[in-house]
Every structure is written in structure tokens, then in C-alpha cells.
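Visitor: I would like to learn how to read contacts, sheets and surface patches in a model such as this one. Could we take them in turn?

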Amino acid sequence: NDGTVVTWGSNYEGQLDGAPISAGFVAIACGSCHSAALHGDGTLVLFGSNEYRQRDGRPTCGGFVVIVCGMCHNVALRNDGTVVVWGGGECERDEPPTRAGFVAIACGDHHSVALHSDGTVVSWSDGVAHG
């Protein structure tokens, strides 16, 4: 109950590299070969593979309330309702939303969605149909 992150499993592609060893985390999300942990102070820790820049460009400011991971990208929701996206290399070509007021976010392998407080849903993706 102290918010310590525990990892296990294959480290074949570096999934476990750099996992945080401190306490105080309140949420965690996993991508294909990387993970993101949300600390209680609103900061983020990214660990695992960086092949698609999943850790590069990580926001260094605080104020985050939700973190989710796609296959090779991350989406975070700030306490002011803005959405921040990074990683993915070619996985994220479309533009994410730029306005404030979002209340929820989610990711698939190659796409992301955000729910606005007015009930509208915004989606963006890599622009390639998969499936």
C-alpha cells in the first residue's frame, strides 16, 4: 500500500529496465515494451524500451492525473484537462487535441481517444488502418 512499483516477466526487449524503486506511485500503464508510472505528486516515470521514443520527450513538469500507453506511444492527462502525447515514432502522425477540458483518455495499439467535459470524443491515430 505504499505505492511501490513491482515488475516481473521477460526483459527480452528491455521492458523492465529503469523501473522506479521508490514509493508513492498511484497508477501504472504498459505499452508493448515500455511502461509509465504516475507518482502521487503528479510526475511521470517512464521505463523499458525507448526504441520508438517512448521515453524521449517525456514531460518533466508535474500536474498529471492519468497516464495510458499505446503500443509505442504515451498519452497523459493534466489536471487542467489538457492532453500530452509523446513517443511512437511513426505511430503518431495525426495531431492530438490542443484545447483543455478533457476528463478521460485511452489508447489502443495505434490510436488514442480523449473524452471532453462537453461529452465530445476526439480520436487520433497513425493514419494507417490496422486489423
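Guide: Let us begin with a term: a polar contact is a pair of N or O atoms within 3.5 Å, and within protein one of them must be able to donate a hydrogen and the other to accept it. Please keep in mind throughout that this is a predicted model.

Visitor: Which backbone atom does the side chain of Q15 reach?

Guide: The side chain of Q15 reaches the backbone nitrogen of E13, at 2.8 Å. Q15 itself lies in the segment before strand 1, which spans residues 25–30.

Visitor: Is Q15 buried or exposed?

Guide: Buried means under 20% relative accessible area, and Q15 counts as buried because its relative accessibility is 18%.

Visitor: How should I read the sheets, and in what order do strands 4, 5 and 6 lie?

Guide: Strands of a sheet pair through backbone hydrogen bonds, and the pairing is either parallel or antiparallel. Here an open sheet of 3 strands has the order 4-5-6, with antiparallel pairing. Strand 4 (64–69) and strand 6 (83–87) are at its edges, each with a single partner strand, so one side of each is left without a neighbour in the sheet. From one strand to the next, the twist averages 20°.

Visitor: How many bridges pair strand 4 with strand 5, and which residue stands opposite V68?

Guide: Strand 4 pairs with strand 5 (residues 73–78) over 5 bridges, in the antiparallel sense, and V68 stands opposite V75 in strand 5.

Visitor: What is the order of the open sheet that contains strands 7, 8 and 9?

Guide: That open sheet of 3 strands has the order 7-8-9, and its pairing is antiparallel. Its edge strands are strand 7 (102–107) and strand 9, each of which pairs on one side only, while the twist averages 15° from one strand to the next. Strand 8 (residues 111–116) and strand 9 run antiparallel and are joined by 5 bridges; as a detail of the pairing, V113 has S123 in strand 9 as its bridge partner.

Visitor: Finally, which residues make the nonpolar surface patch, and why does V121 count as exposed?

Guide: The patch, of about 250 Å², is made by V103, L115 and V121. V121 lies in strand 9, which covers residues 121–125. Exposed means over 50% relative accessible area, and V121 counts as exposed because its relative accessible area is 57%.

Definitions and conventions
Residues numbered from 1 in each chain as written. Predicted model: local features only at pLDDT ≥ 70, side-chain atom pairs only at ≥ 80, totals over all residues. Heavy atoms only, no water. Patch = residues over 30% accessible without salt bridge, like charges linked within 9 Å, V, L, I, M, F, W, Y side chains within 5 Å. Areas by Shrake-Rupley, 256 points an atom, 1.4 Å probe, with all protein chains shown as cover. Salt bridge = Lys/Arg side-chain N within 4 Å of Asp/Glu carboxyl O. Helix = DSSP H or I, 4+ residues; strand = E, 2+ residues; numbered from the N terminus. Buried < 20%, exposed > 50% of the residue type's maximum accessible area, 1.4 Å probe, protein only. Pairing = 2+ DSSP bridges. Axes fitted to C-alpha atoms, helices over the stretch in contact; angles between N-to-C directions.
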